[in-house]
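Reader: Please choose one part of this structure and take me through it closely, explaining each term as you use it.

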Amino acid sequence: MKDEGGITSLQLPTSKLQLLALAWKYLLQNHPHDSICGCSIDQVHAEMAPRFDWVEQIAEQVIKESLATIVASIDTHARADAVPIVVFNPVAGPRTDVATVSIEVPGSMEEFILLDDAGNATPYQILNRRVDEYYHAQATGELLGTLMAMAQEGRVLGMAIQDAFVRTDETPIRVDVTLTSQGEPNLAVIKDGLPQIQQIIADKPDATFDVRAHSPTKFEIEFIARDVPGYGYRTLSAKSIERGRARTNADTTNPRPHLPWRAVPGSASTPALAGGARVRVQLAIENEFFRVEPNDDDGTLTIIDKTTGAVYRGVNHFVDSGDRGDLYNYCPPENDSPIAQPSAPPRVEIERGAARQSLRITINYRLPAQLSADRTTRAAELIDERIVTIVSLYPGVRRIDFRTEVDNRARDHRLRVEFPTPIVTSCANVEQAFDVVTRSLDLPTNTTDWIEQPRPEAPMQRFVSIDDGKTGVTLATRGLPEYAAWRDTEGTTLVLTLLRCTGWLSRDDLSTRAGNAGPTIETPGAQEIGARVFEYALIPGDWRDAFTHAHAFAAPLRAVAASAHTGTLAPAMSFAEASPHEWVISAIKPAENGSGLIVRGYNITEQPVDATLQVWREFTRAVRVTLDEEEIAPIALRDGRAVELPVRGKEIVTIKFEV
């Protein structure tokens with residue numbers, strides 16, 4: 001249902017509601033305590049994996065169809081000569097971030113620029129390019145004329161003509177036809193393009209023509225979307241660069257495929273000079289916020305914050321230690337020697353593009369294969385563990401992204417990654433559900449009668465942050481729930497757990513816990529053998545400034561290719577805008593009773609705020625409700641769209657807008 005305000009149906013179609021209900025069913029089946037906490041037999045966890053896959057598949061399909069519904073309502077007709085691209089932001093904004101999209105363009109758009117809704121060029125790079133050839137041959141004007149006669153109905157080889165153009169300034173004369181197996185022929189091409197080609201054939205009957213018929217070119221591009229509204233979208237467009245027009249400076253930000261990975265001189269991939277010396281050339285990646293330099297000896301990084309001048313050395317340092325614990329508790333072997341250096345210098349490669357610069361650092365650690373027979377130390381047998389990290393910077397994005405791939409072959413160990421900082425502090429600020437809690441770095445000491453001995457590891461949701469009142473550092477993750485933080489000689493080190501590999505559900509011989517926590521059953525699947533991928537990001541700044549970047553990292557932008565059409569929604573808008581930024585929207589959904597819109601938010605700080613919430617369309621009434629959507633009290637509604645209300649520190653507020 002639509003009206004002058006755009007999309008007005010606040011209730012999802014029955015089919016989508018049924019799909020979402022099914023996804024929730026599968027998700028909740030994975031959430032009994034021992035299942036979701038990872039402390040059950042291998043079979044339980046093996047059966048959880050397909051349910052998580054089903055949840056993701058259902059959710060992705062619902063998202064895909066829902067975004068398509070919104071795109072169909074957006075007015076994109078001003079981009080009739082381009083390919084519209086709609087970028088969606090699922091968190092607060094405005095936000096500048098990286099996005100990827102797949103688009104199809106006709107042959108006349110072999111070169112294009114990416115423009116925002118104000119007409120400004122946007123940096124992008126081509127990740128993949130594919131085109132299917134149907135016909136490519138040289139022909140005389142007479143033969144080409146015969147072929148053109150077959151195309152009068154707008155179809156060739158059983159496919160519709162999407163685009164056609166001719167280049168008379170090339171020898172032989174180039175004729176390019178784009179065919180598509182879907183849709184109807186392009187009437188404008190049939191009316192104007194084909195007659196133009198026929199006239200050229202008539203004027204030059206003895207000329208040779210290079211004739212090419214092919215599919216639309218399929219591009220996967222990565223680009224920077226600037227200032228995408230929070231809980232909303234912005235429309236960009238891929239527009240053809242006019243043939244024969246000189247490229248402008250703006251165009252050079254939109255290159256052909258970006259420079260591929262290449263080895264950095266001085267890395268392990270570079271041959272040594274006579275005598276074993278290596279050429280050391282200090283290459284780095286950088287944007288307006290950071291400079292990131294690789295260390296040729298161990299693959300760690302030096303990060304320079306251009307805004308504050310702070311320098312972070314030894315960043316992304318992998319440390320592996322033994323683990324004789326079980327699925328409930330970590331326990332180090334009595335005689336453990338953590339491994340903190342690769343077995344050889346790293347291989348460092350660099351990739352430069354208009355939308356992203358990346359370092360790919362490949363290292364190898366020689367790890368003990370497992371624990372010794374008496375479980376007091378690690379075995380003498382060593383195996384190779386390959387770790388590949390891609391660290392990326394983007395123009396306009398104040399965040400450093402990491403993607404680490406580990407081919408795990410070792411057992412009975414724990415792999416962590418460390419981020420040393422010069423920050424001196426006594427506590428860490430950690431995100432939990434609807435909250436940020438402060439935890440001391442000091443552990444309790446009077447614990448002789450404790451069943452479990454205190455450990456520095458602790459849970460988090462999306463980020464952990466430290467600061468000294470002037471400078472701060474925030475570590476954000478996608479799905480990695482365990483961190484640690486401790487003082488060192490230079491300041492404070494933040495640590496992220498990547499892997500815990502153990503072979504027992506529970507044991508009664510741990511130094512970190514008294515007695516069994518469950519049945520003594522072997523769990524070989526919990527050794528996590530195989531390839532694993534981890535994603536995390538470093539965000540310099542106090543958590544009060546950095547948490548929006550952490551939330552953005554956890555919820556990437558989504559981009560959808562569109563067609564040019566009229567619509568009731570503006571090219572850019574927000575469905576819900578909240579201020580100040582400390583008041584965080586956590587849910588936007590149809591009301592459970594089928595009437596109205598629910599928006600839930602919480603004050604992430606301890607201080608009270610005066611919150612303002614504005615939605616995209618008019619309603620007749622607003623009311624504050626409980627978490628289960630029972631009415632508490634009406635709220636004054638301004639212009640049918642906005643409400644204002646005081647929110648106490650750490651308070652959750654749910655608002656219902658009624659039609």
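Author: Arginine 324, with a relative accessibility of 5%, counts as buried, a word that stands for under 20% relative accessible area, whereas exposed stands for over 50% and partly exposed for what lies in between, with a 1.4 Å probe and protein chains only. The model is a predicted one, in which local features need pLDDT of at least 70 and side-chain atom pairs count only at pLDDT 80 or more, while totals for chains, interfaces and linings use all residues. Residues are numbered from 1 along each chain as its sequence is written, and side-chain values use heavy atoms, with hydrogens and water left out.

The side chain of arginine 324 forms a salt bridge with that of aspartate 509, at 3.2 Å from N to O. Arginine 324 sits in the loop between strand E19 (317-322) and strand E20 (347-352), and aspartate 509 in the loop between strand E31 (492-501) and strand E32 (530-540), so the pair ties together parts that are 185 residues apart in sequence. A salt bridge is a side-chain nitrogen of Lys or Arg within 4 Å of a carboxyl oxygen of Asp or Glu, and strands (E) are DSSP runs of at least two residues, numbered from the N terminus. Aspartate 509, unlike a buried residue, is partly exposed, with a relative accessibility of 28%.

These two loops hold another pair, for the side chains of aspartate 326 and arginine 513 meet in a salt bridge at 2.8 Å, N to O. Aspartate 326 lies in the loop between E19 and E20 and arginine 513 in the loop between E31 and E32, so this pair joins parts that are 187 residues apart in sequence. Aspartate 326 is buried, at 0% relative accessibility, and arginine 513 is buried too, with a relative accessible area of 5%.

Elsewhere, salt bridges that share partners link Glu133, Arg167, Asp169, Glu170, Arg174, Asp176 and Arg212 into one network. Arginine 95 and aspartate 97 also meet through their side chains in a salt bridge, with 3.0 Å from N to O; aspartate 97 is buried at a relative accessible area of 3%, and arginine 95 is buried at 5% relative accessibility. To set the two loops in context, a search of the whole structure finds 49 salt bridges, and the pairs of arginine 324 with aspartate 509 and of aspartate 326 with arginine 513 are among them.

Terms used. Helix = DSSP H or I, 4+ residues; strand = E, 2+ residues; numbered from the N terminus.
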